[in-house]
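Colleague: Hey, I'm new to this one. Could you pull it up and walk me through it?

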Amino acid sequence: MIKASQGIAVSSHDIKVFCAPAEYKQQLLALIQSARTRIYITALYLQDDEAGREILHALYRAKADNPALVVKVFVDCHRAQRGLIGEGKQEGNRALYLEFDKSYQQSIDIFGVAVKRKELFGVLHLKGMVFDDTLFYTGASINDVYLHQQEKYRLDRYYRITSQALTDSFCLYLERQFVQPGLVPRLNDDVLPEPGEQKQNIRRLKARMKKSRYELQAEPGGINGSDDILIKPYIGYGSRGNRLNHSIRQLVQLSRRELLLFTPYFNLPKSLAKDVTAALKRKVKVTLVVGDKKANDFYIGDEKNFSTIGIVPYIYEMLLHRFVKKWQKYIDSGLLEIRLWQHEGNSFHLKGLIADNRYHMLTGSNLNPRAWSLDLENGLLLDDKQGHLQAQVQEEVAAILTHTRRIGHFRELEAIDDYPEKPKALLKKIRMTQIDRILKRFL
């Protein structure tokens with residue numbers, strides 16, 4: 001799948017897999033504290049809440065202790081300048097960034113990347129945090145629930161990989177695409193570009209991103225260790241020539257025995273759904289691990305407080321219901337296994353693929369039409385030819401599956417008539433007007 005000349009060789013001893021949000025927080029703080037030369041953090045958002053403030057304090061303290069330390073944070077520009085959905089008008093996280101910039105003598109860079117003119121049409125969804133020569137790869141952003149700061153948590157995947165070549169490629173990409181061209185503003189500056197200037201910057205940035213890729217330099221000595229894992233990073237942007245999407249499809253198409261897919265929101269792009277179906281037809285055992293509607297960020301359990309945004313989890317369940325009903329025969333034969341994740345009031349956010357217990361795709365992509373064509377995504381493809389990661393990955397998968405239930409028949413999933421009155425009425429209205437086809441593209 002990965003040619004030796006295309007990937008980076010990393011010893012399996014330099015890869016550590018974590019299984020819990022609390023470990024994510026511990027590692028994040030430890031890596032910030034131990035960094036000596038550079039910190040590059042990329043996430044959808046760094047939230048103005050208890051956990052977000054704790055991480056920002058840690059970053060500023062690290063800069064104060066070591067003025068030569070380079071600290072750069074990249075978040076989605078639109079997401080940083082609005083409040084939480086359903087919480088009314090708010091200044092957004094930028095207010096927090098300005099507050100910290102005035103509170104500390106030291107300064108760090110917090111860049112707001114706008115990959116489209118409106119958040120609805122695409123966001124910065126790159127993942128990966130660099131601390132010196134360590135890449136901490138997770139789909140999680142930074143806030144209370146991702147870091148399990150309080151009672152609730154949002155489960156993701158957490159991989160710590162030590163590799164100078166890999167971290168250099170991540171930092172070089174961020175510098176060349178966003179910093180050096182001067183196309184993204186610092187959100188902790190008092191003044192942002194005027195709308196006309198920002199419009200031009202986004203247009204230029206889009207043109208750059210369509211051609212962008214990670215540049216790799218092989219580790220000294222090349223691949224010469226029996227415990228080496230070959231890693232190839234991918235960028236994905238746009239529906240055409242999307243290298244990440246192509247790699248994901250290849251994984252599914254070339255699988256021969258087993259395929260494990262994680263997605264929090266079931267809405268596979270048509271091309272990927274066809275690939276999965278083709279895998280089933282050639283007798284590949286396919287396991288889909290999906291978040292239950294109650295494990296969705298937008299689920300509203302109290303019907304009295306139900307609002308339009310609360311319809312999203314129900315749409316995902318409807319799509320899963322259709323898929324399971326259509327391919328019930330593969331469930332009956334044991335080739336298709338559907339597992340729904342739910343644990344109390346917590347949420348499910350992890351994604352990725354494992355093919356034939358050898359190829360591992362770590363990604364922030366939700367494997368849905370939005371990720372497939374609108375957002376700026378990335379991913380890491382790991383080739384574990386000798387199986388050195390199997391013990392760690394098996395532990396990770398076992399932890400994930402602990403809070404799942406197996407769906408043996410499509411009737412085990414709720415349908416529209418089973419839903420509470422408010423979401424039921426709204427869903428029927430949406431179906432009548434055929435807006436669901438539009439919604440599915442942007443979900």
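Modeller: Sure, let's start with two helices. Ile 248, Arg 249, Val 252 and Gln 253 in H7 meet Ser 271, Leu 272, Asp 275, Val 276 and Ala 279 in H8, where contact means heavy atoms within 4.5 Å. By class, that contact has five nonpolar, two polar and two charged residues.

Colleague: Before we go on, what kind of model is this, and how are residues numbered?

Modeller: It's a predicted model, where local features need pLDDT of at least 70 and side-chain atom pairs count only at pLDDT 80 or more, while totals for chains, interfaces and linings use all residues. Residues are numbered from 1 along each chain as its sequence is written, and side-chain values use heavy atoms, with hydrogens and water left out.

Colleague: Ok. At what angle do H7 and H8 pack?

Modeller: H7 (residues 243-254) and H8 (residues 270-281) pack at about 15°, and their axes are 8 Å apart. Helices here are DSSP runs of H or I with at least four residues, and strands are E runs of at least two. H7 and H8 are therefore roughly parallel to each other, the label for angles under 35 degrees.

Colleague: New topic: which strands make up the open sheet?

Modeller: Nine of them, in the order E1-E10-E17-E16-E15-E11-E12-E13-E18, with mixed pairing. Two strands pair if DSSP finds at least two bridges between them. Strand E1 (8-11) and strand E18 (404-407) are at the edges with a single partner strand each, so one side of each has no neighbour in the sheet.

Colleague: How does E1 run against E10, and over how many bridges?

Modeller: Antiparallel, with four bridges joining E1 to E10 (residues 228-236). Ala 9 sits opposite Leu 230 in E10.

Colleague: And which strands pair with E9?

Modeller: Strand E2 (residues 15-18) pairs with E9 (residues 158-162) in the antiparallel sense over four bridges. Strand E7 (residues 134-138) also pairs antiparallel with E9, over five bridges. Ile 161 in E9 stands opposite Ile 15, and Ile 161 is the bridge partner of Leu 135 too.

Colleague: Last one: which residues of H4 are buried?

Modeller: In H4 (residues 94-103) they are Arg 94, Leu 96, Tyr 97, Leu 98 and Phe 100. Buried means under 20% relative accessible area, with a 1.4 Å probe and protein chains only.

Colleague: What covers them?

Modeller: The cover over the buried residues of H4 includes helix H2 (50-65), strand E4 (70-76), helix H3 (77-80) and strand E5 (109-113).

Conventions:
Axes fitted to C-alpha atoms, helices over the stretch in contact; angles between N-to-C directions. Parallel < 35°, antiparallel > 145°, perpendicular 65-115°, else oblique. Nonpolar A, V, L, I, M, F, W, Y, C, P; charged D, E, K, R; others polar. Buried < 20%, exposed > 50% of the residue type's maximum accessible area, 1.4 Å probe, protein only.
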